[in-house]
Structure formats: C-alpha cells, structure tokens
Amino acid sequence: MHHPTIILGAGAAGLMAAAHAGPGTLVLDHAKAPGEKIRISGGGRCNFTNLYAGPENFLSENPHFAKSALARYTQWDFIDLVARHGIAYHEKTLGQLFCDGSAKEIIAMLLAEMEAAGADLRLNAPVAEVTKSPDGFAVILQSGERLACDRLVVATGGKSIPKMGATGFAYRVADQFGLRVTETRPALVPLTFGPDVLALTKPLAGVALPARVSCNGASFDEALLFTHRGLSGPSILQISSYWHETDSIRVNLLPDRDVLGALKAARAENGRRAVGTALAELLPNRLAAAWSEAQGLSGQLANTPDTQLSGIADGLADWELTPAGSEGYRTAEVTLGGIATEGLDSRTMQAKTVPGLYFIGEAVDVTGWLGGYNFQWAWSSGWACGTAI
Ligand code: FDA
C-alpha cells in the first residue's frame with residue numbers, strides 16, 4: 001500500500017510529526033503501545049518541557065543546528081497545547097514542567113492530535129529494512145510485508161534502554177543513505193567508580209545532598225546521590241553528558257556555604273567538639289562521619305589550626321574523583337550524539353542528499369540536559385519536520 005508519508009517510531013518525535021504531516025500519514029512502531037518512554041518518564045508524570053529551554057541547554061557537534069526548530073516551536077507552544085487539552089501541570093524545580101496527574105495524558109493528547117490530523121498508527125510492526133524506490137521509499141516489515149511511501153521520517157530514537165525497544169535503527173538507515181553518524185555514548189546516566197572511591201561511597205548509598213559537579217567546563221548545581229555502584233542524582237546525570245573515559249570530575253559538596261567561616265565559628269563557640277561533629281552541622285550525618293574517617297579528622301576543633309580548617313574546607317569544595325565508567329545504555333536516559341547535523345536541513349530535518357528522507361528526535365545529534373529538554377527537542381524537531389511535509 002502506498003502512503004504519502006510513513007513515520008518510523010511512535011515516540012515523542014514521531015507522534016508530534018504525525019500530528020502535522022497531513023492526512024494519510026502512517027506511523028509504524030514495533031512496540032505494542034505508543035510513547036512508552038513518555039509513559040515512564042519523569043517517574044510517570046513526564047517532565048514534558050522546561051520553562052527556560054534554549055539552544056544553550058543542548059549538546060551537539062554543531063550547537064547552532066537546533067536553534068531554528070527550537071525557536072519556531074517553543075516550550076510555550078507545547079505548553080499551549082497541553083493547556084488546550086486540559087492537562088494540569090506544575091513546575092517542580094528549575095523550570096521543569098510535570099503533569100499533575102499522569103504521563104499517559106501526554107500520550108493521549110498526542111494520539112488525539114494525530115488522529116485529528118488524519119494519521120494512522122500501526123503497532124507491533126517491527127521495521128526490518130528501508131530502501132529507496134523510484135517513486136519514494138519502500139518499508140519492509142519483519143513479517144515480510146512491504147509498504148511504500150513518498151516521504152519517510154525516521155523517528156526511532158537512540159540506543160538508551162534496549163529493554164524498552166531501543167534499537168539504534170536510525171543510525172543504520174543513516175549509514176545506508178550515506179549520512180554520517182557521530183560517536184554515540186550513553187548520557188544522563190549514573191557514573192560508576194573503582195574500589196577506592198566505593199570504599200567511601202558504598203556505605204553511604206541513599207544519602208543525597210545539593211552539590212556542584214563540574215567537568216570539562218560544564219558545571220551543575222543539583223542534587224547528588226550516593227549509590228551502591230557510585231554516584232547518581234541530577235547533578236551526576238547532567239555531568240555524565242560532558243564526561244569522557246579517563247576524565248576526572250570535581251564535586252563541591254557545600255557550594256553555597258562559607259565552610260571555613262562555619263568551622264572557625266564552631267571552634268570559637270565550643271573548641272572541645274570534634275571536627276566531625278562540626279561537619280555534621282554542614283553535611284548529612286552519615287557523610288560527615290564517613291568523610292571525617294576517610295580524611296583522618298579525629299581531633300578537637302580547638303587543636304585544629306586555621307591552615308588545617310582551610311584544608312578541610314578546600315577538600316569539601318573540590319573533591320576530585322575519576323569515574324571508572326557509567327551504567328551504560330541499560331539506564332541512560334538518552335544517547336549522546338547521533339545523525340550528524342551537517343547532513344540535515346535545520347528547518348525541515350530533511351536529509352540534504354536524500355530528498356524525502358527525514359530524521360527527528362533523539363536519533364539526531366542534538367542531546368538535551370536533564371529537565372524536560374529532550375522532550376522539547378522531540379516536539380520541536382517533530383513539528384519542524386511535520387509542518388514541512
Ligand atoms: P523514542 O525513543 O521516544 O521513540 C522511538 C520509537 O521508535 C519507540 O516507540 C520505539 O519502539 C520505536 N522503534 C525503535 N526501533 C524501531 C524499529 N526498528 N521498528 C519500529 N519501531 C521502532 N526526557 C525529558 O525531556 N523529560 C523526561 O522526564 C524524561 N524522562 C526519561 C526517563 C527515562 C527512563 C528515559 C529512558 C528517558 C527519559 N527522557 C526524558 C528522554 C526522552 O524519553 C527521549 O529523549 C525521547 O523519548 C526521545 O523521543 P524520540 O521520539 O526521538 O524517541
């Protein structure tokens with residue numbers, strides 16, 4: 001059967017494109033339900049965009065590429081859509097917007113928009129292969145069934161969470177049509193550490209505190225969480241997108257405190273107290289105890305001169321540690337990298353050398369920070385493509 005447009009992938013980007021690509025559009029997905037990542041996102045409440053979303057919140061070989069789509073379909077456009085569908089939402093923190101109820105409302109909204117636009121959805125339809133045909137493209141399903149279309153949109157996402165159906169299929173299609181794919185890596189992912197760091201962090205599993213984590217010129221002030229395998233929490237997930245093997249990261253455990261001033265004041269107030277006791281007023285108790293033990297801080301404040309207090313403050317402000325690795329695609333929220341943007345038209349997402357072939361969403365080398373930015377890219381790139389078709 002011949003369709004004007006076939007969209008591969010009923011995720012965030014594919015559904016958004018389908019709502020704008022015109023009647024007769026067919027969306028194919030190998031999953032048994034559409035928008036599975038939307039459903040589980042944001043702890044089931046979907047952090048669907050960010051009030052402050054802008055091009056600076058995205059990583060790409062070409063930081064300018066995302067600008068056009070992000071400017072033409074903004075977070076305000078998506079917020080309007082959410083409001084028109086009567087979906088209640090709230091800002092959780094740092095501009096992050098979540099549904100009050102359930103992420104399923106966002107999926108229902110996208111399906112309603114898609115249906116109103118005259119597009120059809122076919123699930124349980126794994127795509128095995130696509131080829132160029134004289135009048136467009138052929139899409140061959142794993143069942144052997146052959147579909148045809150004038151325009152083909154690849155919205156099959158990245159490699160993160162293979163258990164949920166992520167395949168890296170888009171990269172294969174890009175490769176087949178001669179489009180370059182950048183190096184891809186798991187991102188927004190917890191970092192793992194070797195035995196030396198784990199000796200300190202493992203017993204602290206579950207402890208969380210606000211921290212500043214920096215690496216390769218990027219810095220994030222968000223929560224840090226100790227885990228059995230190393231470190232996680234928003235600040236670590238954010239920095240994982242900037243970290244490469246062998247790089248060290250720097251952690252400021254008390255970014256908003258004058259630690260030296262606080263320790264001096266504690267000493268003036270009651271010099272008989274142990275240094276660790278004073279630290280417990282600044283840090284979570286378990287961390288203060290573990291840190292004191294690891295650093296050999298067993299003495300009383302009165303016996304701790306300024307130079308030593310200063311060393312303690314510096315150590316807490318600049319804890320340098322080298323991750324052994326990351327938890328990988330098994331838990332990564334996104335794939336960093338993807339289809340190189342030089343091969344795509346930034347207004348339409350169409351491949352420059354293959355008229356009629358489009359790539360959108362996470363498959364493209366545009367990766368957002370944690371906080372609703374990745375969905376915003378899916379909405380913006382999906383809209384740019386859908387309206388151009
Ligand atoms: P997406 O992965 O959503 O969709 C791709 C679709 O293609 C899938 O439905 C898949 O089944 C299908 N497919 C793949 N290969 C196929 C094949 N060969 N044949 C047929 N179909 C195929 N972002 C954010 O902004 N806010 C948030 O709160 C979160 N939370 C979050 C939590 C978790 C646990 C994860 C893993 C990710 C997030 N994200 C997020 C990231 C966000 O989910 C992600 O960036 C978008 O879903 C990407 O949208 P796409 O449509 O590009 O891919």
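**Exercise 1. Describe the span of residues 185-334 and relate it to the annotation that UniProt gives there.**

Solution. The end C-alpha atoms of residues 185-334 lie 9 Å apart, and the span is 35% helix and 23% strand, where helices (H or I, at least four residues) and strands (E, at least two) are DSSP runs numbered from the N terminus. At these residues an unreviewed UniProt entry places the feature "domain: RsdA/BaiN/AoA(So)-like insert"; UniProt positions are given in the numbering used here, feature names are shortened, and annotations may be inferred rather than shown by experiment. Residues are numbered from 1 along each chain as its sequence is written. The model is a predicted one, in which local features need pLDDT of at least 70 and side-chain atom pairs count only at pLDDT 80 or more, while totals for chains, interfaces and linings use all residues, and side-chain values use heavy atoms, with hydrogens and water left out.

**Exercise 2. Carry out the description for the other two UniProt features, at residues 5-387 and 1-21.**

Solution. The unreviewed entry's annotation "domain: RsdA/BaiN/AoA(So)-like Rossmann fold-like" covers residues 5-387, over which the chain is 31% helix and 23% strand, with end C-alpha atoms 12 Å apart. The feature "signal peptide", also from an unreviewed entry, is placed at residues 1-21; that span is 33% helix and 33% strand, and its end C-alpha atoms lie 18 Å apart.

**Exercise 3. Determine which residues surround the ligand and which polar contacts they make.**

Solution. Begin with the shell, whose residues have a heavy atom within 4 Å of the ligand: of its 30 residues, Ala 13, Asp 29, Thr 167, Glu 362 and Phe 375 come nearest. The shell divides into 13 nonpolar, 13 polar and four charged residues, with Ala, Val, Leu, Ile, Met, Phe, Trp, Tyr, Cys and Pro counted as nonpolar, Asp, Glu, Lys and Arg as charged, and the others, Gly among them, as polar. Helix 1 (12-18), helix 2 (36-40) and helix 13 (373-388) each supply at least two of these residues, and helix 13 gives the largest share, three residues.

Next, consider the polar contacts (pairs of N or O atoms within 3.5 Å). An N or O atom in the side chain of Thr 167 is 2.9 Å from a ligand nitrogen atom, whereas His 30 places a backbone N or O atom 3.1 Å from a nitrogen atom of the ligand, and for Val 127 the corresponding backbone distance is 3.2 Å. Taken alone the ligand exposes 1,000 Å², of which the protein buries 93%, by the Shrake-Rupley method with a 1.4 Å probe.

**Exercise 4. Characterise the lining of the largest cavity.**

Solution. A cavity is a set of points, on a 1 Å grid over the protein atoms alone, where a 1.4 Å probe fits but cannot get out, and lining residues have an atom within 4 Å of a point. The largest cavity is lined by Pro 55, Phe 58, Leu 59, Ser 60, Asn 62, Pro 63, Ala 66 and Val 366, which divide into six nonpolar, two polar and no charged residues.

Note on methods: A polar contact is a pair of N or O atoms within 3.5 Å; within protein, one must be able to donate a hydrogen and the other to accept it, and residues adjacent in sequence count only if both atoms are side-chain atoms. On a 1 Å grid over the protein atoms alone, a cavity is a set of points where a 1.4 Å probe fits but cannot get out, and a pocket is an open set with protein on both sides within 12 Å along at least five of seven lines; lining residues have an atom within 4 Å of a point.
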